[in-house]
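User: I should like to learn how to read the surface, the fold and the internal spaces of a protein model. Please take me through them one at a time.
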Amino acid sequence: MAPQVTCLTQLAEENSLHQKFIRDEDERPKVAYDQFSDDIPLISLAGIGESSSERAEICRKIVAACEEWGIFQVVDHGIDSKLIEDMTRLAREFFALPAEEKLRFDMSGGKKGGFIVSSHLQGEAVQDWREIVTYFSYPVKARDYSRWPDKPAGWRVVTEAYSEQLMGLGCKLLEILSEAMGLEKDALSKACLEMDQKVVVNFYPKCPQPNLTLGLKRHTDPGTITLLLQDQVGGLQATRDGGKTWITVQPVEGAFVVNLGDHGHYLSNGRFKNADHQAVVNSNLSRLSIATFQNPAPNAIVYPLKTREGETAVMEEAITYMEMYKRKMSRDLELARLKKLAKENKEEELEKPKLKSCNALQQLLA
Ligand SMILES: O=C1C[C@@H](c2ccc(O)c(O)c2)Oc2cc(O)cc(O)c21
Ligand SMILES: O=C(O)CCC(=O)C(=O)O
Ligand SMILES: [Fe+2]
């Protein structure tokens, strides 16, 4: 029998949070969802195709952001604002559909695209407070439209147009990053072979006890770059000191947050950071974000494209992206499993003295 899936929109009505979403204290949010910081640079791409001095200035800002955070925001990016509006509206309409409609596209069991509650990884110890709908958009020949929702009306036309425009923006940014690395403009896209794109729409319903959980646990994205569109609620957080301190990214209307992923990090030989980030939730408002992952082809080789003087390669061997992805996901799952085990052991240890005194009491009473 297929496992019973409960949509979060149902659980959001309860007064307390179900145990399966409760995180250990060290993983819980440290900063409020709406305590915004402007530490992440906001960069205008106007003038990117203009004189070389304007382009060089944009390039300089992007490099600084990638070296410091692995994250920046872009405006004047050329993506049609009506398309952004339509995409956001339809995505919200999708999540407002009755549970049985969303579950027609249930992705659990390894299907390539559709609807999932919580996470794409099965077997995680603690669940994320999110629902997602995802579709694989590039390469075009690999599209399986049977896994793209047929509701709300207009979804397919709008999501296709969105994917195409974002592929254009993603490629433009890869050109800048290639130049920044002192390589030919097309170096990064060549290293990706045929560029792959996957769109993940995240919906974070209002949460009864947001301080005990996360919408999306701390992670780095696996691919080259991610273009994230978020609404005005806030909840995306980043750290650059291994999780000791966090900042909440200021939402900017119409802007895209650009995250560098593990692939981008390795290709730059660690010069550019892979953004360490998470999403927090709140009890006042639901939140929507749309992540467009620009990834290399599964058989693309992952290895630094250039090592600078005095540097050694951050990777021991060249591997395929598929292998890199598999290793990352099994490491993420293994970490979650070990954490769960450690917690269970600790609880058992705490129970032992209680058990001992209970036995002693029973002996006394016998
Ligand atoms: O949803 C995501 C976010 C992200 C991710 C990476 C690693 C994790 O352990 C995690 O929980 C989330 O990157 C993704 C990569 C994918 O291939 C699919 C996803 O849904 C995601
Ligand atoms: O919703 C967010 O702000 C973060 C989403 C994210 O990190 C992802 O989808 O990989
Ligand atoms: Fe992410």
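User: How much area does the protein expose, and what share of it do carbon and sulfur atoms supply?

Analyst: Accessible areas come from the Shrake-Rupley method with a 1.4 Å probe, and for residues only the protein chains shown count as cover. Here the protein exposes about 18000 Å², and 53% of this is supplied by carbon and sulfur atoms. This is a predicted model, in which local features need pLDDT of at least 70 and side-chain atom pairs count only at pLDDT 80 or more, while totals for chains, interfaces and linings use all residues. Residues are numbered from 1 along each chain as its sequence is written, chains are lettered from A and ligands numbered from 1 in the order in which they are written, and side-chain values use heavy atoms, with hydrogens and water left out.

User: What percentage of the residues is buried?

Analyst: A residue is buried at under 20% relative accessible area (1.4 Å probe, protein chains only). Of the 366 residues in the protein, 49% are buried.

User: How many helices and strands are there?

Analyst: Both are DSSP runs numbered from the N terminus: helices (H or I) have at least four residues, strands (E) at least two. The protein has 8 helices and 15 strands. Its radius of gyration is 22 Å, close to the 21 Å from the globule rule for 366 residues, so the protein is as compact as a globular protein of that length. That radius is taken over C-alpha atoms, and the rule is 2.2 Å times the number of residues to the power 0.38.

User: Which cavities does a search of the whole structure find?

Analyst: On a 1 Å grid over the protein atoms alone, a cavity is a set of points where a 1.4 Å probe fits but cannot get out, and lining residues have an atom within 4 Å of a point. Grid points are joined across faces, edges and corners, and a volume is the space filled by probe spheres set on the points. The search finds 2 cavities of 30 Å³ or more. The largest cavity, of about 60 Å³, is lined by Met181, Ser268, Arg271, Lys306, Arg308 and Glu311. The second largest cavity has about 40 Å³, and its lining includes Leu174, Met181 and Phe272.

User: How do the linings of the two cavities divide by residue class?

Analyst: Ala, Val, Leu, Ile, Met, Phe, Trp, Tyr, Cys and Pro count as nonpolar, Asp, Glu, Lys and Arg as charged, and the others, Gly among them, as polar. The largest cavity has 1 nonpolar, 1 polar and 4 charged lining residues, whereas the second largest has 7 nonpolar, 2 polar and no charged.

Terms used:
Buried means under 20% relative accessible area, exposed over 50%, partly exposed in between (1.4 Å probe, protein chains only). On a 1 Å grid over the protein atoms alone, a cavity is a set of points where a 1.4 Å probe fits but cannot get out, and a pocket is an open set with protein on both sides within 12 Å along at least five of seven lines; lining residues have an atom within 4 Å of a point.
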